[in-house]
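Hi there,

Here is the structure you asked about. Have a look at it first, and then read on for my notes.

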Amino acid sequence: MRSQPTEPPLVPVRVCLLGAVSAHTPQGPLHLGPRQQRLLLAILALEANRHVPVDRIVDLMWPAAPPRTARHAVRVSASRLRIAFAPVSDAAAIVGAAGGYALRIDPMAVDAQRFRALLSEADAETSDQRRLTLLDQALALWQGTSPLADAAQPDVRDRLGAGLTEARLRAVEDRFDLRLRLGQHTRLLDELADACSAHPARERLAGQLMLALYRCGRGAEGLAVYHRLRDHLAEQFGLDPGPALRGLERQILQQDPALERHPAPRRPPVPAQLPAMAGLVGREPELAQLEALARDTEGDAPGTSIAVITGTAGVGKTALAVRWGHTAAARFPDGQLHVNLRGFDPSGPALDPAAVLRAFLNALGVPAQQIPSDQDERAAVYRSTVAGRRLLIVLDNARHAEQVRLLLPGAPGCLTVVTSRDPLRSLVAIEGATPLALDLLTAEQSRNLLTSRIGGPLHAGEPLIDEIVNRCARLPLALAVAAARITTRRHLPLAEATAELRDASTVLDALDGGDPVTDLRAVLSWSYLALGRDAARLLRLLGTHPGADIQELAAASLAGLPAAYTRSLLAELASAHLVTEHTARRYTLHDLLKAYAAEQSQTTDSAEDRRAAMLRLADHYLHTAHPAALLLDPLQVPITLTARRHGVVAEAPDQADAALAWFHTEHESLAATAARASALGLDEHAWRLAWTLTPYLLRQGHWQALRAAGQLAADAARRLGDRGALARSLHGIGMGYARSGQHGEAAPLLREALDLFTSNGDVHGQTIVLEDMAWGAEAEGDAQRGLALVERALTIAETARHTTGLARLHNAIGWFHTLLGRHTDAIDHCEQALAMFQQVDDPAAVAATWDTLGHAHRQLGDHELATRCYRDAIRFYQTLGDLYNEAATLAELGHVLHESGRPDHARQAWREAYERYEQLGHPDARQIADLLQPAAGR
């Protein structure tokens, strides 16, 4: 029997979502009204204390076709829920916000939130018995196997559940692991056998049953479990068991003594991301406030603790946050997260919160495939992951409150420290953040900072220290740079150092906020003027780089210097504290230093030199990105590149995996360079750079970014009058719309691209666009028009004897024939395609052809042959890493298996299809979720 759950502190109201949606007070249940109102409550409870826009509510409540009165219906439901919660309004209430609603409530009063928190607490626990108790408490919260059971349709339940059902199953498996470690294998046999029967393809459950049987002296039966699973996976999916299960089979065969041991409990990773930071001077009141906030996180106070440190650039916001974070790290045993949000980085846009969420979830141990693509869903997973943990989260250099909100934890226990030049007043007003406004240091603090950095006796130099303090305007950054200059030139007397500062003729403009720091340029110039000629030139050019950071080879190309020599110059700049090597061979500049470097380039380097540097940088990215793009999509027709300019060093990814990794790291710098090239009138580079992003953005499902890159390329192509480039660019924009399901927006762009390809005589372009237009026709339910389009493409390809296009188009024609019920004709065309593919290396099209054959044979009633065809297609797509088409084919395989009387096997295929669609953020995931939920309820 499970132990009884330890109740949370008594609260006036509880909201239950893990089963039927309900709300209870100590006096009894609240009357929530009809399904529509219960669904609204569920939506708000899953985002407790967070604003949910009305548009998102409407999309969830009416996913297919919202009525014209939808927004009014939401208002009515919210009003009625307010009335229902009126008796407990001090503890829970529906509150209106700009364009949306929120449920104000203790998150632990919502069972789904408490479930996640208990799982997180169990993950952090080292005692097996305590972990087991926590898992029992978590699982006891469930009233069934499906959340929101009576309030939402299956597709909406799946969207809102955000993995709750899967988390429940993992918790069940974790509980089995603990009981096995505690020696309860005999009592587990029946429970495990039932679980394996309900989930026949779940390898972890099979392994647990194998181990329990082995420990009961029934090793042969354990091996029989393995053989059944292996045969099941091979027969239904053409797959083998994973390495862990194969290893367990070998251990049982060898009677490995290790199977009797108790493995160490799994602990989640503990990130320690705070960067190094020099000592702090002063700031005692602010340190005391941070200490008080840290103490609050240790109690039972509801809500989250947030500190907002604000002030002008260089005033020491980051130093305060990071240095205090290091001293307080022991108070946050689950780790410290840190990110520079680049809110006021002059070189490019601020960091996207979705990207930060992905990085944080990775650091917290969430597998990549479990991180949703949708920003709001990703934020929900983040809040669930940090619930119950004690973390320090430092969000450095925020641009505005909206950049921060998605990164805030939703439950108590964590302290978030935000730094920004902006006051972030709405974060203070709405989230209750504590503001800590930093002013310039006092004269005494400034002297202490300067003298602590310089060290040694000062004697008669003390009055000069005061002058340096005044010249540096008591700004910590300026004082630190001045101290570094003095300490690196120990032969430089204070009098001479002060004279240099006093006589400097150039000064930086006032920083944001109007604070007068007129001598900062002079201070920065000390380090700059001490550089060698080439290092100084490199620093100036780094100031013109449009990205947030730069890789060593890109820096070499920017400067037109050999890579090894550039590496030595970067080391010189790092020693002078002018650049930071924040990861291996990647460098960044503080925004003030970058602004200073760019300004020096404007006054020192000629316009011709700066343009030449930008051309070399564009060449570096273009000559690296172009072959990398072809590795990701070998069927792309290469674009024409001019020879690399002298001094350009290109990287050389040689495999698709390496190309993908390069794009992961560089795509933001690549897009920024394309935009800078466009702004400078370097249109030839602009459209080509934007075009190279297409395969990466397609593979990653970044449809909006794909459209933006295509638009930049199209604008450049129009200025050039290059019809071929314009055709490619419009095709890219059209694909961005089509892949996101916006076929109405895609159609005119694809038609214009087709006209341009036709006028240019580009056969490959014409056939590709006609095929894309055909898929759009299919999406609109017009298979006859789709067939006409691909037949037109076939005629063009036959005239030009374009073999690759012919084979692919025979498959496309086969597909539209089978959609129109002409299944025998479809098979004839597909067999012609397969014969042609023996002469043409086109694995993606071969996979598509097997998929079409699977569909045709399914329609003819030959489920066995259809299953084999679909499995062949899936193997090709897996080899290619084509998640989208693999998902689509898995979904079709599920239909065939279901129709042939194998519902459990069908569910396994649909589950895999759903996981891949979710990874891509594709809307078809909703349809697969609809198929899975009814099966789960049977």
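Below is what I found, going from the whole protein to single residues.

Please keep in mind that this is a predicted model.

**The protein overall**

There are 938 residues, and 54% of them count as buried. The secondary structure comes to 42 helices and 14 strands. If you take contacts between residues at least 6 apart in sequence, 66% of these join residues at least 24 apart. The exposed surface adds up to about 39,400 Å², with carbon and sulfur atoms supplying 51% of that.

**Strand β7 and its partners**

A good place to begin is β7, which covers residues 305–310. Six of its six residues are buried, so the strand is largely enclosed by the rest of the structure. The cover is found on both faces: S305, A307 and I309 are buried on one side, and I306, V308 and T310 are buried on the other.

Which strands does β7 pair with? One partner is β10 (residues 415–420), which runs parallel to β7 and is joined to it by six bridges. In that pairing, I306 stands opposite T416. Another partner is β11 (residues 434–437), again in the parallel sense, this time over four bridges. There, T310 of β7 sits opposite A437.

**An open sheet of three strands**

Further along the chain you will find an open sheet with antiparallel pairing, in the order β12-β14-β13. Its edge strands are β12 (550–551) and β13 (580–583), each of which pairs on one side only. Three bridges hold the antiparallel pairing between β13 and β14 (residues 586–588). If you want a pair to locate on screen, T580 stands opposite T588 of β14.

**Helices**

Helix α1 takes in residues 35–46, and its 12 residues reach 16 Å from the first C-alpha to the last, close to the 16 Å expected at 1.5 Å a residue. Is α1 mostly covered or mostly uncovered? It is mostly covered, as 10 of its 12 residues are buried. Among them are the leucines L39, L40, L41, L44 and L46, and R38 is buried too.

The helices α23 (residues 533–542) and α24 (residues 552–559) cross each other, with axes that come within 10 Å and an angle of roughly 105 degrees. The two are therefore roughly perpendicular to each other. On the α23 side the contact is made by R537, L538, L541 and L542, and on the α24 side by A555, L558 and A559.

**Two residues to look at**

E166 belongs to helix α7 (residues 164–181). Why does E166 count as partly exposed? Its relative accessible area is 27%, and that class lies between the buried limit of under 20% and the exposed limit of over 50%. E166 and T145 are 21 residues apart in sequence, and their C-alpha atoms are 10.0 Å apart in space.

T867 is part of helix α39 (residues 863–880). Its relative accessibility is 3%, so T867 counts as buried. Leaving aside neighbours within four places in sequence, T867 is in contact with L893, V896, L897 and R902.

Happy to go through any of this with you whenever it suits.

Best wishes

Terms used: Residues are numbered from 1 along each chain as its sequence is written. This is a predicted model: local features need pLDDT of at least 70, side-chain atom pairs count only at pLDDT 80 or more; totals for chains, interfaces and linings use all residues. Side-chain values use heavy atoms; hydrogens and water are left out. Buried means under 20% relative accessible area, exposed over 50%, partly exposed in between (1.4 Å probe, protein chains only). Two strands pair if DSSP finds at least two bridges between them. Contact means heavy atoms within 4.5 Å. Accessible areas come from the Shrake-Rupley method with a 1.4 Å probe; for residues, only the protein chains shown count as cover. The expected span of a helix is 1.5 Å times one less than its number of residues. Axes are lines fitted to C-alpha atoms, for helices over the stretch in contact, and angles run from 0 to 180 degrees between N-to-C directions. Angles under 35 degrees count as roughly parallel, over 145 as roughly antiparallel, 65 to 115 as roughly perpendicular and the rest as oblique.
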